[in-house]
Structures are given as C-alpha cells and as structure tokens.
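Please open the structure in a viewer and keep the sequence panel visible beside it. The tour below proposes one selection after another and states what is found at each stop.

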Amino acid sequence: MYYFLAGMPRAGSTLLAAILNQNPDIHVSTSSPVVHLMWQIQEHLTTDDFYRSHPKPKFQRTLISSVIDAYYQEQQERYIIDKNRSWITSLPLIHNHITHEPKILCPVRKTSEILQSFLKLMQQYPGNMIDENIKPPYTLQKRCDYLLSTSSVLMASVQQILNAPKHSLHFIDYDELLSHPKETIESVYQFLDIPHYEHSFIDIENQLQEDDTVYGMPTMHNVKSSLVKTIHDIQLPDDILKKCDKIDVAIRYQMTEEHSYPSLPDQGKNLAKFTFQLVKKALQGGALVVSQEVKEQRLEVCRTCDWYDPSQVRCKHCGCFLEEKANFALDSCPIGKWTESAEDWENGRFDELVQQLEEFNVTPEEQPEVYPDTTVEIPESELPLVEFPKNPEMGDECVLHDVKWKWNGIHWEYVPE
Ligand code: SF4
C-alpha cells in the first residue's frame, strides 16, 4: 500500500519519517526519485519518434505503473510512504498509476523559521546548491529574496500546497509535532487509516541517512534524538518577515477545516438569493455594478478578513469569487463587513451607462424592450432578507440567510451553530 510525504521543506518531514519508521510495518523513504522517473517516462514516450510511430498505450501504462513497485521491491513493510515534494502536483499520476485514493502527508512550519533554518545551513556550508542560484556576495537579504522567489524549493512547495485539493492532504504542523507528538502521530494513523502503533518520542533515530553532500549541506537531514525546537538566532529583515507572514496566513487558511468552502448546495443557495435580488433590481432598471473605487474598498476589507482565501481571491464564508462579488452593487458581505452600494451605482456608474446607451441611440426608457415585464411585482414576503437590522445595540442577535449573527459593537459576527 502506497502513501506519500510532501509538504514544506525544513518543516519536520525527516523527523516525522524517523518516528514513523519505528513501526516495523511502515517504511518512509528518503527523498525518492520515483515521481520524477514516472514523469520522465511519460514525457519521453510522448516525444520519442520511435514510440510515436507505433504507440502501445497498455505498455506505457504498465511501465509507468511499475516504477514504484520496482523501486520498493526489496521492502517488506506493508505500508510504504514515498517522500518527494512533487507528489502534490502529481495527483493525476498517482490516481492513474498508483491508487485512486491518494493520501499525502504534508508537514508545514512558520515560513520565517524555515528561512532561518535554510539560512543557518547556507552560512554553515558556503557553496551549497542554493547559493548556486545567487550572485555573490551572499548577503542575508539576497539569500532571503531567493528563498522567497518563485524559483525556490520553498515557494514551489507553497504554491503546490495552496493549489492542492485539501482532502488529499493531511497537514502536520511542526510545532504541534514537537509539542503534542502523540496526538499528531495518532492523526497520521487516522488519516492513513492503518493500525495504530505505540511510538517513542525519546531516543529518536534517523535510520535512513541521506547523503546530503549531494546538496552541498552535509547535515541537512540530521535529526535530533529528542523533540527539542532549535531556535536560530538570525534576525530577518522587516520586509522579509512581512512576506513570511502573508505566506503563513495563506497556508493556515488552506489548513483550517472551518474555513473550507460551504457545500455546493449552500453555494448554490447563496448564488440563487443573490441572483434573485439582481434580477429584481435589473427589472426595476437599477444598479448592477459599483465603481472601481468602491470595488477596491470592498476588496481591501476582504483582504484583512479571516474568511479571505488569498490563493483563490475567494470568500470562504459564502464561497463567492471576490473579484466578481465586490463588483456587484447589490452584493454584500455575508457577515456585514461591507454592504450593498446601490447609491454608488446610481450616482456614478448609472450615468456612465446612460451615456453609453445614448451613444448607441438607446435611452434608459427603451430598456423595457430588453426587459419587457417591468411591472412584475414581487411580494415583499417572498423576498429573502438581505439587510441586517439597522442601528443594532451591542449583543443584538438576528438570523440572516439561515444563520445566526450577533452585533459585537463594530460589525455583525457569525455565531456558529
Ligand atoms: S466574509 Fe465578507 S469581508 Fe470576509 S472575505 Fe467574505 S465577503 Fe470579504
């Protein structure tokens, strides 16, 4: 049975492997070439003229699928966990050639600590393989800039994690592993759905040493025998710390269960309510979108909100894509952080539209031809409630969109069931 280990670098994957390898039924590999080999075979066969002139799809499938079995043919353990960061972006490969239920362990850690850990190694081993990407002299700023650039292994892993479907990943927070090892390892067993094993968290030994001279950093995969956090005394520049914080926020959202998107039926319900209002307003010849300024103000609020998903620019509360949501005059934040903006439309964009319509020799009065039934009356009782109560007092509660809200003195706060 195959599982996978990916995640952020310098985030405890070697430590996790050393602990799991105590179980005689588990083999966690060192960084393995399996996934790259599979890609290379696939790539080669699609470009090789001899193969293209006489393709044999069954052979191709068998060959690619056999790589992992061949690599682990000498392992006796029942559960093999192959380690490589590229597994997250190779889910189709896993799905087509290894298992229909990919399960990837994904260690994560505060980005600033990962940077400090890399920087310590880079200072210790000048001429390492990361420095090869930087022009000397190797300053702290240059090294940080490279580590936070899109070409670095760190940022590649961040991108992969943010774009991955969450249900295939099990996050293992480095701090949690150190502070609550028993519970953290138990959660790994639950995710993999394999029988429990009693692990020891003292005298931890890395049984599978890698030859780290290959990377120019001979102690890169050393593991301490006990669960002690190393604090690296390396002061990071302010701009770098800010970037690290942003990455952490994005990763935390991806990790947090309660921030997962609403179910598809609920997203549909949200959309239906909004569309209902939009159509009603359109029938009345009213506002549709806000000015660029208002849209930007709304997005500014969203960017600082707990429900904001920066990787998709999406609201995790209602599931809406915010570039669109913030654009519509009649849309509003589901927790009251910003509201409808019909006036803005009427004061600004509406005039623009009138002008555009006039350029096409169409006046607003002629719009009923586009929307013939302007006399449609929608009974007030059928309208979904779209506004929070006006002038609330601290602690006031209401129910809107089938959920409960409480006024905290500043804004309406979602009250979980
Ligand atoms: S809850 Fe409101 S402020 Fe927060 S992301 Fe969603 S729409 Fe934006």
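**The whole chain**

Begin with the entire chain in a cartoon view: the chain holds 15 helices and 10 strands. Both are DSSP runs numbered from the N terminus, helices being H or I runs of at least four residues and strands E runs of at least two. This is a predicted model, in which local features need pLDDT of at least 70, side-chain atom pairs count only at pLDDT 80 or more, and totals for chains, interfaces and linings use all residues. Residues are numbered from 1 along each chain as its sequence is written.

Colour the chain by burial next. Of its 417 residues, 27% are buried. A residue is buried if 20 or more other C-beta atoms lie within 10 Å of its own, exposed if 12 or fewer, and partly exposed in between, with C-beta atoms placed from the backbone. Among contacts with a separation of 6 or more, 70% link residues 24 or more positions apart; a contact requires C-beta atoms, placed from the backbone, within 7 Å.

**The open sheet**

Select the five strands of the open sheet, whose order is E2-E3-E1-E4-E5 with parallel pairing. Two strands pair if DSSP finds at least two bridges between them. Strands E2 (26–31) and E5 (169–173) are at the edges and have a single partner strand each, so one side of each is left without a neighbour in the sheet. From one strand to the next, the twist averages 25°.

Move to strand E1 (residues 2–5), which is joined to strand E4 (residues 104–108) by 2 bridges and to strand E3 (residues 79–83) by 4 bridges. Which residues should be shown beside leucine 5? Its bridge partner in E4 is leucine 105, and in E3 leucine 5 stands opposite lysine 83.

Continue to E4 and E5, which pair in the parallel sense over 5 bridges. One pair to display is valine 108 with its partner in E5, aspartate 173. In E5, 4 of the 5 residues are buried, so this strand is largely enclosed by the rest of the structure.

**Cysteine 106 and the cores**

Centre the view on cysteine 106, in strand E4. Is cysteine 106 buried or exposed? It counts as buried because it has 28 C-beta neighbours inside 10 Å. Leaving aside neighbours within four places in sequence, its contacts include Ala6, Gly7, Ile161 and Phe171. Leucine 169 is 63 residues from cysteine 106 in sequence, yet their C-alpha atoms are 6.2 Å apart.

Expand the selection to the largest nonpolar core, which has 55 residues; Phe4, Leu16, Ile81, Ile104, Leu105 and Cys106 touch the most other members. A nonpolar core is a set of buried Ala, Val, Leu, Ile, Met, Phe, Trp, Tyr and Cys residues joined through C-beta atoms within 7 Å. Helix H1 (residues 13–20) supplies the largest share of this core, 6 residues. Apart from this core lies another, of 7 residues, including Cys302, Tyr308, Cys318 and Ala326.

**The ligand**

Finally, select the ligand and the residues around it: Val301, Cys302, Cys305, Trp307, Tyr308, Cys315, His317, Cys333, Pro334, Ile335 and Lys337. Each has its C-beta atom, placed from the backbone, within 6 Å of the ligand. The shell divides into 9 nonpolar residues, 1 polar and 1 charged. Here Ala, Val, Leu, Ile, Met, Phe, Trp, Tyr, Cys and Pro count as nonpolar, Asp, Glu, Lys and Arg as charged, and the others, Gly among them, as polar.

Definitions and conventions:
Two residues are in contact if their C-beta atoms, placed from the backbone, lie within 7 Å. Axes are lines fitted to C-alpha atoms, for helices over the stretch in contact, and angles run from 0 to 180 degrees between N-to-C directions.
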